[in-house]
Amino acid sequence: MVKTPAAKPERKPPAKSVSAVLPEEGSNHPRPRDPQRHEATQDELLHFYKEMLLIRRFEERAGQLYGLGLIGGFCHLYIGQEAVAVGLQSALTPGRDSVITGYRDHGHMLAYGIDPKVIMAELTGRGAGISRGKGGSMHMFSTEHKFYGGHGIVGAQVPLGAGLAFGHKYTEDGGVCMAYFGDGAANQGQVYESFNMAALWKLPIIFVIENNGYAMGTKVSRSSAETEFYRRGDSFRIPGMQVNGMDVLEVRGAAEAALEYVRGGNGPLLMELKTYRYRGHSMSDPAKYRSREEVQNMKDTSDPIEAAKAELLKMGVTEETLKSIDKDIRKTVSEAADFAETSPEPDPSDLYTDVLVEQY
Amino acid sequence: MAEVMQDYATSEATNEGAADQTATKTMNMIEAINSAMDVMMDRDPDVVIMGEDVGYFGGVFRCTAGLQAKHGKTRVFDTPISECGIVGVAVGMGAYGLRPVPEIQFADYIYPGIDQLISEAARLRYRSAGEFIAPITVRSPFGGGIFGGQTHSQSPESLFTHVSGLKTVIPSTPYDAKGLLISAIEDNDPVIFFEPKRIYNGPFTGYYDRPVEPWSKHAASKVPTGHYRIPLGKANIVRAGEALTILAYGTMVHVAQAVVEANGVDAEVIDLRTLLPLDIETIEASVKKTGRCLIVHEATRTSGFGAELSALVQERCFYHLEAPVERVTGFDTPYPHSLEWAYFPGPIRIGRAIAKIMKD
Ligand SMILES: Cc1ncc(C[n+]2csc(CCOP(=O)(O)OP(=O)(O)O)c2C)c(N)n1
Ligand SMILES: [Mg+2]
């Protein structure tokens with residue numbers, strides 16, 4: 001079964017030129033409003049909590065399966081960064097907005113409500129995986145959710161994101177693209193080519209820099225001349241926002257302000273989310289570049305899930321409710337893991353499909 | 001400056017092979033590569049090492065471990081994740097008289113730098129009529145067999161052999177790796193030095209279900225601790241034979257040898273060591289002797305280096321051939337995440353090809 005894109009809708013080219021130029025030289029460029037921390041209802045916060053917890057438990061399990069040799073090659077866990085994907089994605093309009101990211105992509109997929117089973121089965125390289133075992137951990141996609149991957153080459157997804165945003169503008173579908181990349185990826189040249197084009201053509205895109213402090217073993221300060229990443233768009237007149245990425249409600253609030261700005265036709269916006277990854281870069285990372293204390297301190301003082309939990313308890317949610325949530329999530333994750341372990345590998349003939357439309 | 005450098009490689013007593021090297025040490029391929037750079041940094045103050053995570057961290061495969069501590073941060077330094085910039089800056093440094101040895105963390109990440117390699121590094125000498133040169137050595141781990149999927153397993157060597165103005169070197173043992181890397185660094189032209197990462201720690205035979213032998217059990221792990229060269233453009237007959245000629249490089253040298261041992265066929269196995277310049281004389285003499293030729297590489301088949309080899313053998317040995325030239329290669333697909341051993345051109349496919357050639 002070959003995945004084919006959905007039938008093309010009838011459409012005319014847009015009436016206005018997509019490549020509308022910048023405002024008059026010297027004019028005041030608009031700025032987004034100051035973001036407010038989102039005031040969540042109990043239900044809303046419970047929902048965010050569940051999503052973050054699902055990501056964490058899923059990733060813990062993926063780490064275990066890797067240790068058991070059931071997942072091979074490269075696998076990058078999202079533990080610690082959960083509030084970013086959950087906070088941002090929750091503000092998007094499903095079916096309208098698009099998302100693209102790098103190789104640390106499990107969390108973004110889960111935050112989109114994609115079935116954990118097919119994600120886990122992709123990690124174990126099974127035919128039932130979302131890329132039918134051909135992509136692996138770093139390369140997962142869901143056109144249904146307008147999730148455009150999952151890209152292993154650092155920074156390469158950023159121009160693609162600008163292209164998706166061009167598509168939103170061209171088809172006048174009102175969508176915004178959210179293009180995620182890391183602090184390390186922010187040093188790739190193609191990122192700045194994308195910034196320029198996105199600003200020049202006022203594309204509806206939010207560039208999201210997940211600044212977790214490290215690119216593999218390289219601390220931000222050792223690789224970046226400008227470590228305040230939200231300022232990286234300055235010379236393209238792309239306004240920037242720096243956000244506490246360890247607080248899901250701050251992330252959500254900032255996302256709303258950002259979306260308002262971009263949907264208002266003002267062109268791109270850059271968000272820097274300050275976050276932290278607890279685990280190694282990938283599964284084979286000796287983590288000698290940072291101290292145990294540094295990691296422990298982040299876990300103790302800034303954990304996004306613990307913070308949400310404390311807030312929920314304060315709102316009157318009982319320990320029991322939270323426990324039963326955890327139990328349910330563990331069950332979901334176990335089922336995904338069982339599925340990923342027991343479903344068969346793809347057929348060898350599958351190696352030849354999806355290279356081009358036809359087979360040669 | 002350029003003239004001074006023209007004489008560089010011949011200005012010192014050439015120490016081909018290890019004839020008068022007394023001190024040797026058992027090294028795996030990583031240590032041998034490390035030692036080559038260390039020796040060259042001791043000898044030549046213009047040699048500098050740069051790349052992602054090569055300094056502080058010592059390289060993701062540890063090839064540059066300890067070099068920053070010994071030679072200082074000015075000569076061994078980390079770069080941002082900017083492959084285009086890394087290669088381009090190295091070319092400029094080379095033109096100014098330095099001898100940079102940039103590392104591209106995986107061959108799969110060399111593509112952002114390919115413009116600089118092709119349009120600048122490879123062409124600088126020609127378009128300046130020898131005035132400016134780019135004596136850089138781009139080191140990069142390549143090849144599969146490590147469950148790396150499509151972004152950590154590729155063998156892009158033929159992209160580079162297709163470009164006039166570049167040399168392409170691929171070692172298959174610790175001993176060769178050190179001698180070839182020293183020659184590459186001393187060479188006054190840009191050299192692409194691909195390191196078969198599957199055999200960094202031991203000579204993989206393609207029988208993936210058997211334990212891997214460490215290099216220490218292999219004669220080629222006795223590596224002189226000092227300076228020696230293996231000339232670029234000289235192939236190595238790793239096994240003499242009369243029945244057929246097998247041409248291979250990198251990991252596949254070991255796979256081919258293992259199959260030959262297992263089958264008992266009297267094959268001559270030639271390790272090309274450098275693809276460009278190519279030691280066509282050794283190949284020609286061998287094929288004229290055996291009348292049969294099998295070419296093995298991991299890279300995809302169409303327009304792979306095997307196609308060039310096959311054409312050359314046909315042009316030069318046509319009247320001596322007793323069977324069509326055969327190729328065992330990677331399939332013409334991206335490198336898959338699952339089914340690696342179905343994809344890898346391993347012993348079964350090589351065995352089949354040998355049987356076919358010998359029957360004709
Ligand atoms: C073009 C390219 N260069 C290098 C790599 C190797 N690599 C993979 S992830 C990574 C670090 C990226 O760090 P960052 O962008 O901060 O993202 P994080 O891993 O922190 O999420 C590197 C160097 C790659 N995949 N692609
Ligand atoms: Mg990072």
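**Group meeting talk: a predicted two-chain model with a ligand**

Let me begin inside chain A, with helix α8, whose buried residues are V248(A), L249(A), E250(A), V251(A), R252(A), G253(A), A254(A), A255(A), A258(A), L259(A), Y261(A) and V262(A). Please keep in mind throughout that this is a predicted model. Since 12 of the 16 residues of α8(A) are buried, the helix is largely enclosed by the rest of the structure. As for what encloses it, the buried residues of α8(A) pack against the helices α1 (42–67), α2 (82–89) and α10 (304–315), and against the strands β3 (205–211), β6 (240–244) and β7 (269–274), of chain A. The geometry of the helix can be checked as well: at 1.5 Å a residue, the 16 residues of α8, that is residues 248–263 of chain A, should span 22 Å, and the end C-alpha atoms are indeed 22 Å apart, so the two values agree. Just after α8(A) comes G265(A), which takes a positive phi of about 80 degrees.

Staying with chain A, I would like to turn to a single residue, C177(A), which is found in strand β2, residues 177–182. Is C177(A) buried or exposed? A residue is called buried here if 20 or more other C-beta atoms lie within 10 Å of its own, and C177(A), with 29 C-beta neighbours inside 10 Å, therefore counts as buried. If we leave aside residues up to four places away in sequence, C177(A) touches S98(A), I100(A), G161(A), L164(A), A165(A), H168(A), P204(A) and I205(A). One of these partners, I100(A), is 77 residues from C177(A) in sequence, while the C-alpha atoms of the two are 7.7 Å apart in space.

In terms of annotation, UniProt, in an unreviewed entry, lists residues 51–348 of chain A as "domain: Dehydrogenase E1 component". That span is 45% helix and 10% strand, and its end C-alpha atoms lie 36 Å apart. Beyond it we meet D354(A), in the segment after α11 (319–342) of chain A, and this residue has a positive phi of about 65 degrees although it is not a glycine. With 15 C-beta neighbours inside 10 Å, D354(A) counts as partly exposed.

Now to the ligand. Which residues are closest to ligand 1? Of the 19 residues that surround ligand 1, the closest are V154(A), G182(A), G184(A), A185(A) and A215(A). The site is nevertheless shared between chains, because residues from both A and B surround ligand 1. Sorted by class, the shell consists of nine nonpolar, six polar and four charged residues.

That brings us to the contact between the chains, which takes 32 residues from chain A and 23 residues from chain B. On the chain B side, α4 (83–95) and α12 (340–343) each supply at least two residues, and by class that side has 12 nonpolar, nine polar and two charged residues.

Let me move on to chain B itself, for which the domain assignment gives domain 1 (2–224) and domain 2 (236–359). The C-alpha centres of these two domains of chain B lie 25 Å apart, and the contact between them takes 29 residues from domain 1 and 29 residues from domain 2. On the domain 1 side, the elements that give two or more residues are α7 (157–161), β6 (167–169) and α8 (174–186) of chain B, and the class make-up of that side is 11 nonpolar, 14 polar and four charged residues. The unreviewed UniProt entry for chain B places "domain: Transketolase-like pyrimidine-binding" at residues 27–202; over those residues the chain is 36% helix and 16% strand, with end C-alpha atoms 10 Å apart.

I will finish with three local details in chain B. R273(B), in the loop between β11 (267–271) and β12, has a positive phi near 65 degrees in a residue other than glycine, and with 27 C-beta neighbours inside 10 Å it counts as buried. Next, a cis peptide bond joins L276(B) and P277(B), with omega about 0 degrees, and P277(B) is found in the loop between β12 (274–276) and α10 (280–290) of chain B. Lastly, I350(B) lies in helix α13, residues 347–359 of chain B, and counts as buried with 25 C-beta neighbours inside 10 Å. Residues up to four places away in sequence aside, I350(B) touches V255(B), A256(B), V259(B), V296(B), V328(B) and P345(B).

Conventions:
Residues numbered from 1 in each chain as written. Chains lettered and ligands numbered in written order. Predicted model: local features only at pLDDT ≥ 70, side-chain atom pairs only at ≥ 80, totals over all residues. UniProt positions renumbered as here; feature names shortened; annotations may be inferred. Helix = DSSP H or I, 4+ residues; strand = E, 2+ residues; numbered from the N terminus. Near = placed C-beta within 6 Å. Nonpolar A, V, L, I, M, F, W, Y, C, P; charged D, E, K, R; others polar. Contact = placed C-beta atoms within 7 Å. Domains from an automatic or database assignment. Expected span 1.5 Å × (residues − 1).
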